[in-house]
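The exercises that follow ask the reader to work through a structure step by step. Please keep the sequence and the 3D view at hand while reading each solution.

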Amino acid sequence: MLLADMGATVVKVESPRGDDTRRWMPPDRGGEASYYLSVNRNKFSVVLDLTDPADRQAAIQLADRADILIENFRPGSMDKYGLGYEALRRTRPDLVYASVTGFGAAGGAALGGYDLLAQALSGFMSVTGPEDGDPHRAGVAVFDVITGLHAAIGVLAALRHRDLTGQGQRIEVNLLSSALSGMVNQTAAWVTAGVEPGRTGNEHPSLYPYEPMQTGDGALVLAVGNDAQFVKLCDVLCLHDAARDPRYATVRDRNQHRVALRAAITERLAARTAHEWFDILSVEGIPCAPILSIAEGIAFAERLGLDPVAWTGQGPRRMPTVRHPIDFSATPATHLTSPPELGQDDARVRAWLREGGDLRSPDGAAVISPIVTEPTEGHDESSGS
């Protein structure tokens with residue numbers, strides 16, 4: 001979807017039963033799952049059953065036309081249909097071919113590729129949740145998202161390489177590798193220092209104060225990242241002794257004396273509300289934030305002028321969507337068409353395959369043509385990612 005927002009012509013290949021996320025609800029909008037609607041704007045949808053010889057040939061034709069092919073089947077599945085990388089590169093050495101799996105094509109090939117499994121197997125859940133409670137998952141499919149971003153980065157880098165050399169290549173990304181990379185300092189704690197991180201609730205293992213703290217009416221997140229910010233916080237809170245206390249002089253010192261420092265800070269924060277402190281501290285350059293709901297978060301982004309909601313589609317299919325997150329000075333992202341109904345572009349895509357020419361996006365621009373493949377009817381071969 002992000003590539004489509006940036007100008008790509010994207011053909012989403014679905015089985016006759018459709019993308020699983022079409023049925024992941026509630027919530028929904030008029031019977032369409034919000035989950036599906038969140039990641040499928042600006043795409044064409046064509047239904048192909050890869051077990052059917054004619055449909056399989058149509059898929060091969062699509063691959064032959066495309067600059068990019070993106071697939072998220074279980075490893076080896078595409079080879080059975082004549083759509084594996086080695087088969088396609090014989091006639092299309094310039095093809096950029098991206099494979100998204102759960103746990104790679106070797107020892108993890110048989111594992112289901114779901115985000116929750118990656119959160120569990122990567123160690124992420126072991127560092128998420130209350131210190132004395134159970135491991136928790138993140139509130140979103142964080143490693144699905146990170147893996148998709150890695151796939152987009154890899155595709156764009158491969159396109160740049162093709163611009164320079166004329167040669168395509170295969171890109172492989174998986175949930176587990178993306179998770180281990182995405183946990184940055186937590187995985188580095190073990191790899192570089194031999195330290196096994198644990199759950200610390202909302203506290204940061206290396207910074208303090210860097211957590212929600214109670215105010216007069218609720219929690220305020222403080223994110224004090226250096227000594228200068230700490231001194232300024234103490235000044236605003238009139239904690240002048242704490243600013244000079246050797247127990248709190250450095251980040252390491254503050255980490256070792258959290259209990260006493262937390263008591264001193266929360267005593268002062270109790271005098272005002274979280275929103276009042278947010279206004280006061282933000283003016284002084286002290287990073288902080290009240291904890292908002294999703295609705296409040298979107299409203300806050302609107303207040304900042306970030307325009308978080310864009311409208312896509314026309315007529316009965318016109319609907320709001322979360323806008324593309326990148327601003328371009330010369331080539332702005334677009335939100336042209338709503339997520340497609342299953343197979344809504346069958347006739348258009350098949351005519352394009354028969355007659356040639358360009359399959360163009362609604363504004364007439366066809367820049368690159370990725371293919372997103374989905375599992376075929378009766379086959380549980382998708383990575384689920």
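A residue counts as buried when its relative accessible area is under 20%, as exposed when it is over 50%, and as partly exposed in between. The model is predicted, and the exercises below apply these cut-offs to it.

**Exercise 1. Describe the protein chain as a whole.**

Begin with the elements: the protein chain has 16 helices and 13 strands. Next, take the extent, for which the C-alpha trace spans about 80 × 50 × 45 Å along its principal axes. Then turn to burial, where 43% of the 385 residues count as buried. Finally, consider the surface, since the protein chain exposes about 19600 Å², of which carbon and sulfur atoms supply 55%.

**Exercise 2. Decide whether Trp24 is buried, exposed or partly exposed, and find the patch to which Trp24 belongs.**

First locate the residue: Trp24 sits in the loop between strand 1 (10–14) and strand 2 (28–29). Its relative accessibility is 35%, so Trp24 counts as partly exposed. Then look at the surroundings, where Trp24, Tyr35, Leu111, Tyr114, Leu117 and Leu121 form a nonpolar patch on the surface, with about 560 Å² of accessible area together.

**Exercise 3. Examine the salt bridges of Arg41, Arg92 and Arg262.**

Side chains of opposite charge can pair when their charged atoms come close. The structure holds 18 salt bridges, and one of them joins the side chains of Arg41 and Asp5, with 2.7 Å from N to O. Arg41 lies in the loop between helix 2 (34–37) and strand 4 (43–47), while Asp5 lies in helix 1 (residues 2–5), so this pair ties together parts that are 36 residues apart in sequence. Both Arg41 and Asp5 are buried.

The next pair is Asp94 and Arg92, whose side chains meet in a salt bridge at 2.8 Å, N to O. Here the two partners fall into separate classes of burial, because Asp94, with a relative accessible area of 24%, is partly exposed, whereas Arg92, at 11%, counts as buried.

In the third pair, Arg262 forms a salt bridge with Glu203, and the closest N and O atoms are 2.9 Å apart. Arg262 belongs to helix 13 (residues 258–269) and Glu203 to the loop between helix 9 (185–193) and strand 8 (210–214), so the pair ties together parts that are 59 residues apart in sequence. As a last step, note that salt bridges with shared partners join Asp67, Arg92, Asp94 and Arg162 into one network.

**Exercise 4. Compare the span of helix 7 with the expected value, and list some of its buried residues.**

Helix 7 (residues 142–165) has 24 residues, and its first and last C-alpha atoms are 35 Å apart, close to the 34 Å expected at 1.5 Å a residue. Its buried residues include Phe143, Ile146, Val155, Leu159 and Arg162. Just after helix 7, Gly166 takes a positive phi of about 80 degrees.

**Exercise 5. Trace the largest nonpolar core.**

In soluble globular proteins, nonpolar side chains tend to be buried together. The largest nonpolar core has 23 residues, of which Leu48, Leu62, Leu83 and Val349 touch the most other members. Helix 3 gives the most to this core, with 4 residues. Not counting residues up to four places away in sequence, Leu83 touches Leu50, Ala59, Ile60, Ala63, Met78, Leu88 and Tyr97. A second, separate core of 21 residues includes Leu220, Leu222, Ile265 and Phe278.

Note on methods:
Residues are numbered from 1 along each chain as its sequence is written. This is a predicted model: local features need pLDDT of at least 70, side-chain atom pairs count only at pLDDT 80 or more; totals for chains, interfaces and linings use all residues. Side-chain values use heavy atoms; hydrogens and water are left out. A salt bridge is a side-chain nitrogen of Lys or Arg within 4 Å of a carboxyl oxygen of Asp or Glu. Helices (H or I, at least four residues) and strands (E, at least two) are DSSP runs, numbered from the N terminus. Buried means under 20% relative accessible area, exposed over 50%, partly exposed in between (1.4 Å probe, protein chains only). Patches are made of residues with over 30% relative accessible area and no salt bridge: like charges are joined within 9 Å, nonpolar side chains (Val, Leu, Ile, Met, Phe, Trp, Tyr) within 5 Å. Accessible areas come from the Shrake-Rupley method with a 1.4 Å probe; for residues, only the protein chains shown count as cover. The expected span of a helix is 1.5 Å times one less than its number of residues. A nonpolar core is a set of buried Ala, Val, Leu, Ile, Met, Phe, Trp, Tyr and Cys residues joined through side-chain atoms within 4.5 Å. Contact means heavy atoms within 4.5 Å.
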